[in-house]
Amino acid sequence: QTWRGVPPRLFVIQDIAAEWLAKLKDIPRDQVTHLLAQQVQRLQAGHQGLKNMTGEPYEKEHWKNLFGILKLPSDIRLETLTFRLLVDRLDLIIEKVDDLKELTAQAIGEVTIRDAVVEVSAWFEQTEFSFMEHELKGTIVPLIKDWKDLLAEVSDKQALCGSLKDSRFFRPFKDQVDKFEEKLALLDEVLLVMNKVQRKWVYLQPIFGRGSLPREKERFDKVDRSFQQIMKSLGQNKKVNYLCSVRGLKDQFVTMADQLERCQKALTSFLEEKRAAFPRLYFIGDEDLLEILGQSGNPEVIQSHLKKLFAGIATVDFGDGAKDIVGMNSSLMEKVDLQTAVTVKETQPDGSAAQDPRPVEEWLSDLSAAMVSTLAAKLQACFKQQEMDLNYLEAYPSQLLCLSANIHFTQNVERYISNGQLGQLKGDLQQQLQAMTSLSLDGALMNAKLQAMILDLIHNISVLDDLLVSHVQSASEWNWFRQLKYFMESDPKNPCTVRMLECRQLYSFEYQGNAPKLVHTPLTDKCYLTLMHGLHLGYGGNPYGP
C-alpha cells in the first residue's frame with residue numbers, strides 16, 4: 001500500500017505490534033519466535049519516526065528533504081512510496097528520528113507563516129475602499145470613509161508581518177514578507193497623508209469655492225484639481241492595492257498637504273485680522289464668518305448670523321437699496337429705530353450704492369456703537385415719562401422700560417428713607433402692581449414687556465419689605481447698601497450706572513431683546529454680588545446654569 005494511505009491507520013499498526021508482543025510472551029522461544037519478536041519490537045520502536053512522516057503539513061520541498069534523510073532511490077516519488085519501503089528502512093528511521101521531528105516542526109512552522117503570507121496577499125488583492133459621494137457643483141467626488149477601520153487593518157497586517165520574523169523557520173519567506181512590509185509601510189504613510197488632505201480639502205473647498213481669499217485661490221485650485229482627479233481615479237479602481245501601484249502618489253499627497261496647510265494658515269491669519277478688528281466675530285465659526293465676509297452686502301446672509309453676534313438682535317431693518325441699517329428687531333419683533341443709520345454700502349457721487357460693501361468688521365462695529373448710543377438716548381427720554389400707559393409700553397423697548405423703572409425705584413427709596421416714608425412707597429408700588437396685573441394686552445410682544453415689568457416690580461416690593469422689617473433709616477445701612485441699584489447720570493454718553501456695595505459699573509446698553517426673565521431669588525443677589533465684585537477687581541465672569 002502507498003504511504004499516503006497509511007498515516008490515518010498508524011495506530012492500528014501500533015496495536016498489532018503490542019498484541020503480537022503480548023502473544024509472544026506466552027510462546028516458548030525458538031529461532032522463529034525470536035526473529036518475529038525482533039521485527040515486532042523494531043516496528044514498535046519506529047512508530048514515533050513514522051508518526052513524524054505523516055506529511056500532513058508537508059510541501060514539496062519537505063518531501064524532498066524526507067527522501068534525502070531516508071536515502072530513498074531517486075526514481076521513487078511520493079505516489080510510488082509504499083509502506084513496505086519504509087519498513088525496510090525502519091532502522092534508519094529510528095536512527096534519524098530527531099531529524100524527522102525537526103523536519104515536521106519546520107513544516108508546521110512554515111504552514112503558519114505561509115497562511116499569514118496568504119492572508120496578507122489576499123488582503124491586498126481583495127480589500128476595497130469604502131466611499132461616500134460628495135456632491136460638488138454638478139459633479140460627484142468619491143471620498144474615503146471608515147478611515148479608522150482601514151488604518152487599523154493596515155496596522156494589524158504590519159504587526160502580523162513583524163511577528164513572523166520571530167519564527168526560526170522564517171528564512172524561506174524573508175523576501176516575500178519584506179516586500180509586503182515595504183508595501184504596508186508605504187500604504188500606511190499614503191493613507192495618513194491622504195486622510196489629512198481629505199479633511200483639509202473638505203473644510204477649505206466650500207470656502208475657496210465661493211471666491212474667498214482671492215490671493216490664495218490659485219494655490220487652492222491647483223490642489224483641488226489634483227485631488228479630485230486622484231479621488232475619481234481611486235473611485236473607479238476601488239482597490240487599496242492601487243495606492244501602492246501609482247508611482248509618486250505619496251509625494252503628490254505630501255505636496256498637496258503642504259499647499260493646503262499654507263492655504264489654511266493664510267485663511268486663519270485673514271480671519272484673525274477681522275476678529276481682532278471686531279471681537280464679536282470670535283462668537284461664530286470660520287465658515288459663518290467667511291459667509292458674512294463674502295456676502296456682506298446680502299441682507300439675507302446678514303440676518304442669518306446677527307443673532308450669533310448680538311444677544312438681542314434677531315434681525316435688522318434696511319433702508320432703500322439695502323445701503324444702510326436703520327433699525328434692529330428682537331425675536332418678538334420689538335422694533336428699535338437706530339438714532340444713526342449704519343452704512344453698509346457707500347453711496348457713489350450719482351447717488352447709487354457702491355457695488356462692493358464696506359468691510360464687514362467696520363459696519364458691524366458701527367452697528368454696535370449705534371445700538372449703544374440709541375439705547376442711551378432712548379433711556380433718557382423714557383426716564384422723563386411720568387405716567388405709564390399703552391403708548392408708553394409701545395414706544396420704548398422692554399429693556400429700557402425695566403431699567404427706567406429700576407432707576408425710579410432707586411431714587412424713590414433713597415428719598416423716602418430720608419423722610420421715613422418707606423411704607424407709603426410700598427403702598428404706591430402695590431397699587432402700581434395691581435394696575436399692571438389688571439391690564440389685558442394683545443400680542444406676545446406687549447405681554448412679554450408687561451411680564452418683565454411685573455417681575456421687576458415684585459422684586460422691588462420684596463426689597464422694600466426687607467428694608468421695612470430691618471427698620472432701615474439711612475441709605476448707607478447694609479440692607480440697602482448691598483442691593484443692586486441703578487442711577488441716572490448727567491453724562492449723555494453714559495447716562496446710567498449700576499452700583500452694589502462699593503462696586504460701580506457703567507451700564508453697557510447691550511440690547512437684550514425680549515428674553516424671558518427668571519424670578520429674582522437670594523441666589524440671584526449672590527450671583528450679582530460675585531460678578532460685580534469680580535468686575536470691580538478687574539476680573540470677568542459668566543453666569544452659566546439654570
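Start by selecting Y486 and V498: V498, in strand 7, is the bridge partner of Y486. Strands here are DSSP runs of E with at least two residues, while helices are runs of H or I with at least four, and both are numbered from the N terminus. You are looking at a predicted model, where local features need pLDDT of at least 70, side-chain atom pairs count only at pLDDT 80 or more, and totals for chains, interfaces and linings use all residues. Residues are numbered from 1 along each chain as its sequence is written, and side-chain values use heavy atoms, leaving out hydrogens and water.

Next, colour residues 496-500, which are strand 7; this strand pairs with strand 6 in the antiparallel sense over four bridges. (Two strands pair if DSSP finds at least two bridges between them.)

Now widen the view to the whole sheet. It is open, with three antiparallel strands in the order 6-7-8. Strand 6 (485-488) and strand 8 (503-506) are at the edges; each has a single partner strand, so one side of each has no neighbour in the sheet. On average, neighbouring strands are turned by 30 degrees against each other, direction ignored.

Which helix lies across strand 6 and strand 7? Select residues 398-419: this is helix 17, running at about 95 degrees to strand 6. Axes are lines fitted to C-alpha atoms, for helices over the stretch in contact (heavy atoms within 4.5 Å), with angles from 0 to 180 degrees between N-to-C directions.

Last stop: A257, in helix 12 (residues 249-277). Leaving aside residues up to four places away in sequence, A257 touches V193, K196 and V197. Its C-alpha atom is 8.1 Å from that of K200, 57 residues apart along the chain.

Is A257 buried or exposed? A257 is buried, with a relative accessible area of 8%; buried means under 20%, exposed over 50% and partly exposed in between, using a 1.4 Å probe and protein chains only.
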